[in-house]
Amino acid sequence: LVVPSDFCSKQNVFTPLDITEFFEIIETNRINRLTSLVDEYNSIGESFLLKVEEIVAKTATGLSPTLASYYFYWEKCIYNAIVKMIVLSTASLIALLQIKGN
């Protein structure tokens, strides 16, 4: 959700920020990225997975027992991606908090 490049100036240089500016950048990016991720997640379930179920199981409920392992696989992939994003974002935030201004 947070990457160091979010805090670079136009010259690609880190500059010290006021705490208010820092918070606003983090909050704006968090809202934008989470909104985008939620929309993408919803479109996966509403279109892609239901279309596969419709073709394979001839139903469109999202609850087909025939595709339970298939749904489990994709839920696990999405969960792992979210965990990875949180870990990388936390590492980026820690790195940003440790930057010392000149």
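Hi everyone, let's start at the surface: this chain exposes about 7,800 Å², and carbon and sulfur atoms supply 65% of that area. Before I go on, please keep in mind that this is a predicted model.

How much of the chain is buried? Of the 102 residues, buried ones make up 16%.

Now to the overall build. The secondary structure comes to two helices and zero strands. The chain has a radius of gyration of 20 Å, and the globule rule gives 13 Å for 102 residues, so the chain is more spread out than a compact globule. You can see the same theme in the box that the C-alpha atoms fill, which is roughly 65 × 20 × 20 Å along the principal axes. As for contacts, if we take those with a separation of 6 or more, 45% are between residues 24 or more positions apart.

Let's walk along the helices, beginning with α1, which covers residues 19–56. The structure holds one salt bridge, and its partners are Arg-30 and Glu-27, with the closest N and O atoms 2.5 Å apart. Where do Arg-30 and Glu-27 sit relative to each other in helix α1? They are three residues apart there, so about one helical turn separates them. Are these two buried or exposed? Well, they fall in between: Arg-30 is partly exposed with a relative accessible area of 32%, and Glu-27 is partly exposed too, at 23%.

On to α2, residues 68–97. Does its length fit what we'd expect, or how far off is it? With 30 residues at 1.5 Å a residue, α2 should span 44 Å, and its end C-alpha atoms lie 43 Å apart, so the two values agree. Which residues of α2 are buried? They are Tyr-71, Ile-78, Ser-89, Ser-92 and Leu-96. What covers these buried residues includes α1, so here the two helices come together in our story.Next, the aromatic residues. The count comes to three aromatic pairs. One of them joins Tyr-70 and Tyr-71, a tilted pair at 6.3 Å centre to centre with 55° between the planes. Tyr-70 is partly exposed, at 24% relative accessibility, while Tyr-71 is buried, at 13%. Another pair is Tyr-73 with Trp-74: the ring centres are 5.0 Å apart and the planes meet at 80°, so this pair is edge-to-face. Tyr-73 is partly exposed at 43%, and Trp-74 is also partly exposed, at 32%. Which residues form one aromatic cluster? Tyr-70, Tyr-71, Tyr-73 and Trp-74 do.

Finally, a look past the end of α2. Ile-99 is found in the segment after that helix, and Ile-99 is partly exposed, with a relative accessible area of 43%. How far apart are Ile-99 and Tyr-79 in space? From C-alpha to C-alpha they are 31 Å apart, with their positions 20 residues apart in sequence.

That's my tour, and thanks for listening!

Key
Residues are numbered from 1 along each chain as its sequence is written. This is a predicted model: local features need pLDDT of at least 70, side-chain atom pairs count only at pLDDT 80 or more; totals for chains, interfaces and linings use all residues. Side-chain values use heavy atoms; hydrogens and water are left out. A salt bridge is a side-chain nitrogen of Lys or Arg within 4 Å of a carboxyl oxygen of Asp or Glu. Helices (H or I, at least four residues) and strands (E, at least two) are DSSP runs, numbered from the N terminus. Buried means under 20% relative accessible area, exposed over 50%, partly exposed in between (1.4 Å probe, protein chains only). Rings of Phe, Tyr and Trp (its six-membered ring) pair if their centres lie within 6.5 Å; planes under 30 degrees apart count as stacked, over 60 as edge-to-face and the rest as tilted. The radius of gyration is taken over C-alpha atoms; the globule rule is 2.2 Å times the number of residues to the power 0.38. Contact means heavy atoms within 4.5 Å. Accessible areas come from the Shrake-Rupley method with a 1.4 Å probe; for residues, only the protein chains shown count as cover. The expected span of a helix is 1.5 Å times one less than its number of residues.
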